Amino acid sequence: MGSKVADLLYWKDTRTSGAVFTGLMASLLCLLHFSIVSVAAHLALLGLCATISLRVYRKVLQAVHRGDGTNPFQAYLDMDLTLTREQTERLSQQIASQVVSTATQLRHFFLVEDLVDSLKLALLFYILTFVGAIFNGLTLVILGVVALFTIPLLYRQHQAQIDQYVGLVTNQLSHIKAKIRAKIPGTGTPAASAVSGSKAKAE
């Protein structure tokens with residue numbers, strides 16, 4: 001599944017990636033002007049029209065003795081979609097694990113287990129208030145889709161240069177984070193605490 005998504009985002013098959021990108025963008029742009037109920041109904045109606053037309057076409061071919069009239073979607077109808085007990089249990093465990101992990105992360109941030117992490121999250125939400133004042137959620141989703149289908153391709157083409165700049169930015173952020181932690185009481189590194197403790201003993 002992951003490799004298929006990667007192939008899609010890297011435009012390994014231009015026709016498939018183009019079709020998916022066009023479909024997503026057309027649907028999102030429609031949502032800008034119409035309600036989600038209207039867009040969903042029209043998409044469902046379009047899909048039904050396509051499948052019914054193909055089914056009727058096969059029947060017409062059978063009527064003129066140029067086909068057997070079998071359902072063109074029979075292979076999909078014959079697919080077994082039931083889950084075994086083991087698959088159900090494994091899926092339930094994965095969902096439960098994700099829920100617990102999310103709850104743990106929320107507790108970590110909102111109950112201030114680490115002051116710096118909570119401050120960073122607060123800064124992120126503060127920035128998002130300005131972003132929300134400029135763009136609505138649907139516009140951000142459209143920009144996200146465009147980014148998904150362009151950034152991976154650009155990264156693959158200019159990987160060396162991008163990695164170099166990202167490394168520089170990461171180093172700068174690490175230095176800034178270390179300075180902030182050093183100035184906040186109770187967030188010093190264990191190494192620094194050990195050094196200060198040894199100095200106190202020496203005195």
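**Exercise 1. Work out how much of the chain is buried, and what kind of surface is left.**

Start with the count: 11% of the 203 residues in the chain are buried. Keep in mind that this is a predicted model. Next, take the surface: the accessible area of the chain is about 16200 Å², and carbon and sulfur atoms account for 68% of that. Then look at the secondary structure: the chain has 9 helices and 0 strands, so the pattern along the sequence reads α-α-α-α-α-α-α-α-α. Finally, check the contacts: of those between residues at least 6 apart in sequence, 46% link residues at least 24 apart.

**Exercise 2. Decide which parts of the model you'd read in detail.**

Begin with the whole chain: the mean pLDDT is 85, and 90% of the residues get to 70 or more. Now go helix by helix: confidence is highest in helix 5 (residues 85-110), at a mean of 95, and lowest in helix 9 (residues 190-202), at 46. Over residues 189-203 the pLDDT stays below 50, and beyond near neighbours in sequence that stretch has 1 contact in the model. Where pLDDT is low, predicted coordinates shouldn't be read in detail.

**Exercise 3. Test the length of helix 2, then sort its faces.**

Length comes first. Helix 2 covers residues 14-33, which is 20 residues. At 1.5 Å a residue, counting one less than the number of residues, the expected span is 28 Å, and the end C-alpha atoms sit 29 Å apart, so the two agree.

Now pick out the buried residues of helix 2: S17, G18, M25 and L28. Looking down the axis of helix 2, these buried residues fall within an arc of 110 degrees, so they line one face of the helix. On the other side of helix 2, the exposed residues are R15, A19, T22 and H33. As background, an α-helix has 3.6 residues a turn, so residues three or four places apart point the same way.

**Exercise 4. Find what L24 and D7 touch.**

Take L24 in helix 2. L24 has 36% relative accessible area, which is between the 20% and 50% cut-offs, so it counts as partly exposed. Setting aside residues up to four places away in sequence, L24 touches V145 and F149. Along the chain L24 and V145 are 121 residues apart, yet their C-alpha atoms are separated by 7.8 Å.

Now do D7, which is in helix 1. D7 is also partly exposed, at 34%. With residues up to four places away left out, D7 touches K12, D13 and S17. For D7 and S17, the sequence gap is 10 residues and the C-alpha to C-alpha distance is 8.4 Å. S17 has come up before, as one of the buried residues of helix 2.

**Exercise 5. Track down two non-glycine residues with positive phi.**

One is W11: phi is about 60 degrees, though W11 isn't a glycine. W11 sits in the loop between helix 1 (2-9) and helix 2, and it is partly exposed at 23% relative accessible area.

Another is V112, with a positive phi near 55 degrees. V112 belongs to the loop between helix 5 and helix 6. At 43%, V112 is partly exposed.

**Exercise 6. Is D114 buried or exposed, and what does it contact?**

Locate D114: it's in the loop between helix 5 and helix 6 (115-134). Apply the cut-off: D114 has 18% relative accessibility, which is under 20%, so it counts as buried. Leaving out neighbours within four places in sequence, D114 is in contact with H108 and R181.

**Exercise 7. Repeat the length test on helix 6, and find its packing partners.**

Helix 6 has 20 residues, so at 1.5 Å a residue it should span 28 Å. Its end C-alpha atoms are 29 Å apart, which agrees. The buried residues of helix 6 are V116, D117, S118 and L121. As for partners, these buried residues pack against helix 5 and helix 8 (159-183).

**Exercise 8. Count the disulfides.**

The test asks for two cysteine sulfur atoms within 2.5 Å, and by this rule the count is 0. As for exposure, C30 is partly exposed at 33%, and C49 is partly exposed at 41%.

Methods. Residues numbered from 1 in each chain as written. Predicted model: local features only at pLDDT ≥ 70, side-chain atom pairs only at ≥ 80, totals over all residues. Heavy atoms only, no water. Helix = DSSP H or I, 4+ residues; strand = E, 2+ residues; numbered from the N terminus. Buried < 20%, exposed > 50% of the residue type's maximum accessible area, 1.4 Å probe, protein only. Contact = heavy atoms within 4.5 Å. Areas by Shrake-Rupley, 256 points an atom, 1.4 Å probe, with all protein chains shown as cover. Arc of directions from axis to C-beta. pLDDT = per-residue confidence, 0-100.
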